[in-house]
Amino acid sequence: MNHHALRANACLATLALAAAGAAHAADFKAGEWDLSLGGIVNAYYTHTRCSGPQAVGGTALATQALGCGGTEGRTVVGNGLLPNALTTTAKTRQEGYDISATLMIGAAVAAGDAISNNSNVDVRQGFVTFGNADMGTVKLGRDYGLFGKSAILGDMTLLGAGAPVSATQRNRVTLGHIGSGYTYLGTYGQVAYSLPTSGGFSATVALMSPVDAGSLIGRNQPQLQALATASFGGGKVWLGAKHQKFEGTGGFSMSGVELGGSVAVGTLGFAANVQSGKGLGVLTDGDSGNRKQTNLLLQATWQATPKAKLGLNWGESRLKDGVATDLRSNTNVTAGLYYGLTKSLTLVGEISRTTSKPVAGESARMNGVALGGIVFF
């Protein structure tokens, strides 16, 4: 993974920018606190064209309703998979404990009008951590989930757009392979504990504030998530899981497991991730009901020159059961060029095709192009 991808990965989860060795625009000391200020700004010209039958129910990404914003084609100048974001982190060591606090405030580029996004604020993170090398680390607050984190961090379209679904890009972001390769990792209020890292092995378990799914509610029990990662020379493997009970008429238990890995061989990079379970949801927890689901993402990249990286990835989210017009699967294939004009600025060009297939009948299709750039500071 190149320098720019590392910066993107760290920014998405604020894991943090410093964890990837990326410099902040401002690092300074205030008393016993070390303060860091960094962020990301990006914009992409995207165009989509939708075709094929439109009678695909559920969260069908390639239909005119979602993919092309209700028309046969749509042009948007907006964010890619990442939002614009400003992240502040404060760190200190007191009485043997490492303490940090992080706050991320984001904003979207595009909207359906010229006014609404002036007051549209996207706050994904606000949490505190404390611990040390012996006890591990405790996290309290709002942050990204664990299930799906490794998949989205390794997705090359994190620097670009992936599936430029107009319905989400206006007021928010594009989808990358969310809904067509993995379920979104989500942001939750949480209490998490991470073991001390040892020999390249790390593990985290978390109690997440339960979420609702339509008329079903997550009331009595927290959502449980866990992630274990083992790093080795040139690569890593990971294993994740999540579970939550949805209560109400037709209630069910969401449960899923995830397995993936990535490896670099010279200038080539390869990654794969699979998620399987019930009630995982196409875009978010439980949004497709109590259906069995498998998400698969495959990716190959080539660092053609010190500045230019080429990549191709394919992903599918596939559901079981359902009536004839229900969504059976969303599939996306994206080819991209990522050019590091400087160490902070990456220019991006992508072409993609997204296909949404019903349980019975023909598929809807969306062709997309994205051209733009992303800067980290």
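A disulfide is a pair of cysteine sulfur atoms within 2.5 Å. In this predicted model, Cys-50 and Cys-68 satisfy that criterion, with their sulfur atoms 2.1 Å apart. A search of the whole structure finds one disulfide. The bond connects distant parts of the chain, since its two cysteines are 18 residues apart: Cys-50 belongs to strand S2, and Cys-68 to the loop between S2 and strand S3 (73-78). The torsion about the S-S bond of Cys-50 and Cys-68 is about 95°, and the disulfide is therefore right-handed. Both Cys-50 and Cys-68 are buried.

From the disulfide the description turns to the nonpolar interior. In soluble globular proteins, nonpolar side chains tend to be buried together. Here the largest nonpolar core has 35 residues, and the members that touch the most other members are Ile-152, Ile-178, Tyr-182 and Ile-374. Two or more residues of this core come from each of strand S2 (33-51), helix H2 (149-154), strand S16 (327-340) and strand S18 (364-376). Strand S18 provides the largest share, with four residues.

Ile-374 merits a separate description. When residues up to four places away in sequence are not counted, Ile-374 touches Ile-40, Val-41, Asn-42, Tyr-44, Leu-82, Leu-159, Ser-344, Leu-345 and Thr-346.

Another site to examine is Gly-181, in the loop between helix H3 (166-169) and strand S8 (187-194). Gly-181 counts as buried because its relative accessibility is 0%, and the cut-off for burial is under 20% relative accessible area. Leaving out residues up to four places away in sequence, the contacts of Gly-181 are with Asn-295, Leu-296 and Leu-297, together with Gly-315, Glu-316 and Ser-317. A further glycine serves as a reference point: Gly-289 is 108 residues from Gly-181 along the chain, and the C-alpha atoms of the two are separated by 18 Å.

The last site is Thr-102, which is placed in strand S5 (residues 97-107). Thr-102 has a relative accessible area of 7% and is therefore buried. The side chain of Thr-102 also takes part in a polar contact, at 3.3 Å, with the side chain of Thr-89.

Note on methods:
Residues numbered from 1 in each chain as written. Predicted model: local features only at pLDDT ≥ 70, side-chain atom pairs only at ≥ 80, totals over all residues. Heavy atoms only, no water. Core = buried A, V, L, I, M, F, W, Y, C linked by side-chain atoms within 4.5 Å. Buried < 20%, exposed > 50% of the residue type's maximum accessible area, 1.4 Å probe, protein only. Contact = heavy atoms within 4.5 Å. Polar contact = N/O pair within 3.5 Å; in protein donor to acceptor, adjacent residues only side chain to side chain.
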